[in-house]
There are 2 protein chains.
Amino acid sequence: MSYRFIDACLRRPVDRTPIWLMRQAGRFLPEYRAVREKVTFLQLCKTPDLACEVTLQPVDILGTDAAILFSDILVVPEAMGMELHFGTGDDHGPQFPHPVRTHADLARLHIPDPEQELRYVNDTIRLLRKSLNVPLIGFCGAPWTLAAYMIEGRTSRSFEKAKATLFADEQLAHELLTKISDALIRYLQAQLDAGAQALQIFDSWAGALGPEDYRKFGAPYVAQVVQGLKRDGNTPVIVFGVETGELLAQLAATGADVVGVDWRVPLDDARGRVGPAVALQGNLDPASLFLPPEALEKRVARVLEQADAAGPGHVFNLGHGVLPTTPVESVKALVRQVHAHTPPR
Amino acid sequence: MSYRFIDACLRRPVDRTPIWLMRQAGRFLPEYRAVREKVTFLQLCKTPDLACEVTLQPVDILGTDAAILFSDILVVPEAMGMELHFGTGDDHGPQFPHPVRTHADLARLHIPDPEQELRYVNDTIRLLRKSLNVPLIGFCGAPWTLAAYMIEGRTSRSFEKAKATLFADEQLAHELLTKISDALIRYLQAQLDAGAQALQIFDSWAGALGPEDYRKFGAPYVAQVVQGLKRDGNTPVIVFGVETGELLAQLAATGADVVGVDWRVPLDDARGRVGPAVALQGNLDPASLFLPPEALEKRVARVLEQADAAGPGHVFNLGHGVLPTTPVESVKALVRQVHAHTPPR
């Protein structure tokens, strides 16, 4: 078992910079597409054998330093009682046909028992731990991001329903975000109990909120989740969002060990915002993987250089997920280059 | 004629804070929808009588302190020789069926004579100036944003084709961005000659680029356009983008008089990044307009307070365009509240 990834998360010395990639188990891999062809997306999430298979693929094919559980952040709202569909064609993307808008909608949601309604996740984790020789990352969506999906009912660009609902009724906001946070604490705790060795909280839509709103509706609930977990000193928590340049200090103050940074903020600048006590994860622009080898290499070198300037504690990753049409060869070259790098102590 | 808007852009004393709204001529107004029903979007842009009518609507209905020409940033690439469609249904949004990818594609583009291929824009401006009693803002898309559309061929979330093309072949990038900049200088100059009294350059996708890439592919070409214009000291230029927190200093250094700020950066923070020499435009979250009156009022007051702290030179606007389902009554209340505010000198 290699603990390079865990060590970097905890700002301990490492021989090489560790790397994993958001959406490393995904459509850019032909092996993933072959599995995915046979089942729907939700079936894949809920069938431990298959979820295990696609989780292992990038570790085997690319040689990443961590695996991330194959699942979806929206299985939690589903387990809380919300009907969930993944649409196709014109109506693509996840949809909740009965979104949360009122106190009555909220009252109908319950806090799931993870070993019942979300047992398939823990079964996948238990299965994975039998075959993995790198650490396994469990994950969930952050309270604000989940609440935004649950209120909008679908992906949005402007989140006016979510914002109008939460900003206009702070009691509803607090109750909904607290209920989600409570569900997430149990969910993540069960993932740890099943064998997850690190956790990432995806606040994918953090950047849709201005800093004052994130201080009220975002960061406090991420902090509740992070601080609500019982974990030992070798089990890091990562928080990640996109467009979080203005929010990095708030993310660092949640109690997480690692803050994910998108490509908009150079890692050495990010250090100034998060302080010395957390590790940084990121932050190559995913579009860089479409460049010819030499141009890609220069950009990877630049990220490593900025990470070195930011001081100890760097997990290499993209600034967002691997794009579906990314050439596999580019990702392999990226992993090789990062693994050739020894960060300063 | 009220010059409150021009004065604020140029950081001169004003009696009241001026306000206009991006997409103020748009779908949220029933009067706009009534006109739009009869014609396609491009027909509306290209029919001066109708474009004039919808440009005037928000000034009459809402009492904004400036009008903005009704048009689209993509009419320039179209005039440069690119076929442009506005799709419907599943394929909604603008599309260039023959995107730019190679030097040969670039060679086929020409720099249009604005009084020929884009005459309808200047005719609309000339018509507007006969009826307006507030200043008229002309506009264009910024070189990077237009290049990104021209290379992707359609709206994108990740811009991998645009980035791969420009980052991998810097000569092609420079030639394309220079050609677009040259076209924009002529286009904006013609708008000024026709009677536009201010200009806004929309770098809508600026925030997709990290700061080092924006320094190479974004800001220098905005600067070329701004500095290539012949204008008197009473004709301000505004530059605007979204997710530009890391780019504000670069935008301020282009020679523009006003920098637009989205809601992610409080205006008093923005002042620290842009320096004292430019005015600020923004930055209410467009979703705020879905809040009940009191909650909206508090948020507007907060923006005004931050603007006052940022010092002289504030044009009130949203941080992005008015959303199509925005209640008209909210926008009217917003305008009234801003007009009740006298900024400190």
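**Exercise 1. A helix in the middle of things**

Work out why helix α9 (residues 160–168) of chain A counts as largely enclosed by the rest of the structure.

*Solution.* Start with the tally: eight of the nine residues of this helix are buried, so α9(A) is largely enclosed by the rest of the structure. Here, buried means that 20 or more other C-beta atoms lie within 10 Å of the residue's own, exposed means 12 or fewer, and partly exposed is in between, with C-beta atoms placed from the backbone. Helices are DSSP runs of H or I with at least four residues, strands are runs of E with at least two, and both are numbered from the N terminus.

Before going on, a word on the model: it is predicted, local features need pLDDT of at least 70, side-chain atom pairs count only at pLDDT 80 or more, and totals for chains, interfaces and linings use all residues. Residues are numbered from 1 along each chain as its sequence is written, while chains are lettered from A and ligands numbered from 1 in the order in which they are written.

Next, pick out the buried residues: A:Glu160, A:Lys161, A:Ala162, A:Lys163, A:Ala164, A:Thr165, A:Leu166 and A:Phe167. Then look at what covers them. The cover includes α8 (143–152), α10 (170–194) and α11 (211–228) of chain A, together with α14 (293–310) of chain B.

**Exercise 2. From core to neighbours**

Find which residues touch the most other members of the largest nonpolar core, then follow A:Ala147 and B:Val259 to their contacts.

*Solution.* A nonpolar core is a set of buried Ala, Val, Leu, Ile, Met, Phe, Trp, Tyr and Cys residues joined through C-beta atoms within 7 Å. The largest one has 236 residues, and those touching the most other members are A:Ile137, A:Ala147, A:Val259, B:Val76, B:Ile137, B:Ala147 and B:Val259.

Take A:Ala147. Leaving aside neighbours within four places in sequence, A:Ala147 is in contact with A:Ala162, A:Leu166, A:Leu176, A:Leu177 and A:Ile180. Contact means that the C-beta atoms of two residues, placed from the backbone, lie within 7 Å. Two of those names should ring a bell: A:Ala162 and A:Leu166 are among the buried residues of α9(A).

Now B:Val259, in strand β7 (residues 258–260) of chain B. B:Val259 is buried, with 29 other C-beta atoms within 10 Å. Not counting residues up to four places away in sequence, B:Val259 touches B:Val239, B:Leu248, B:Leu251, B:Ala252, B:Val274, B:Val278, B:Leu280 and B:Gln281. B:Val259 and B:Val315 are 56 residues apart in sequence, yet 9.8 Å apart in space, C-alpha to C-alpha.

**Exercise 3. Two helix pairs**

Classify the packing of α10(B) with α11(B) and of α14(A) with α15(A).

*Solution.* Helix α10 (residues 170–194) and helix α11 (residues 211–228) of chain B pack at about 30°, with their axes 9 Å apart. That makes α10(B) roughly parallel to α11(B). The cut-offs are under 35 degrees for roughly parallel, over 145 for roughly antiparallel, 65 to 115 for roughly perpendicular, and oblique for the rest. From α10(B) come B:Ala173, B:Leu177, B:Ser181, B:Leu184, B:Ile185 and B:Leu188, and they meet B:Phe217, B:Tyr221, B:Gln224, B:Val225 and B:Gly228 of α11(B).

For the second pair, the axes of helix α14 (residues 293–310) and helix α15 (residues 328–339) of chain A come within 10 Å and cross at roughly 40°. That makes α14(A) oblique to α15(A). The α14(A) side of the contact is A:Pro293, A:Leu296, A:Glu297 and A:Val300, against A:Ser330, A:Ala333, A:Leu334, A:Gln337 and A:Val338 in α15(A).

**Exercise 4. Backbone oddities**

Track down the cis peptide bonds that end at A:Asn283 and B:Asn283, and the positive phi values of B:Arg11 and B:Glu243.

*Solution.* In chain A, a cis bond joins A:Gly282 and A:Asn283, with omega about -5°, and A:Asn283 sits in strand β8 (residues 279–284). In chain B, B:Gly282 and B:Asn283 are joined by a cis bond with omega about -5°, and B:Asn283 is in strand β8 (residues 279–284) of that chain.

On to phi. B:Arg11 is not a glycine but has a positive phi of about 60°. B:Arg11 lies in the loop between α1 (4–9) and α2 (30–36) of chain B and is partly exposed, with 19 other C-beta atoms within 10 Å. B:Glu243, not a glycine either, has a positive phi of about 55°. Its place is the loop between β6 (237–240) and α12 (248–252) of chain B, and B:Glu243 is buried, with 22 other C-beta atoms within 10 Å.

How values were computed
Axes fitted to C-alpha atoms, helices over the stretch in contact; angles between N-to-C directions.
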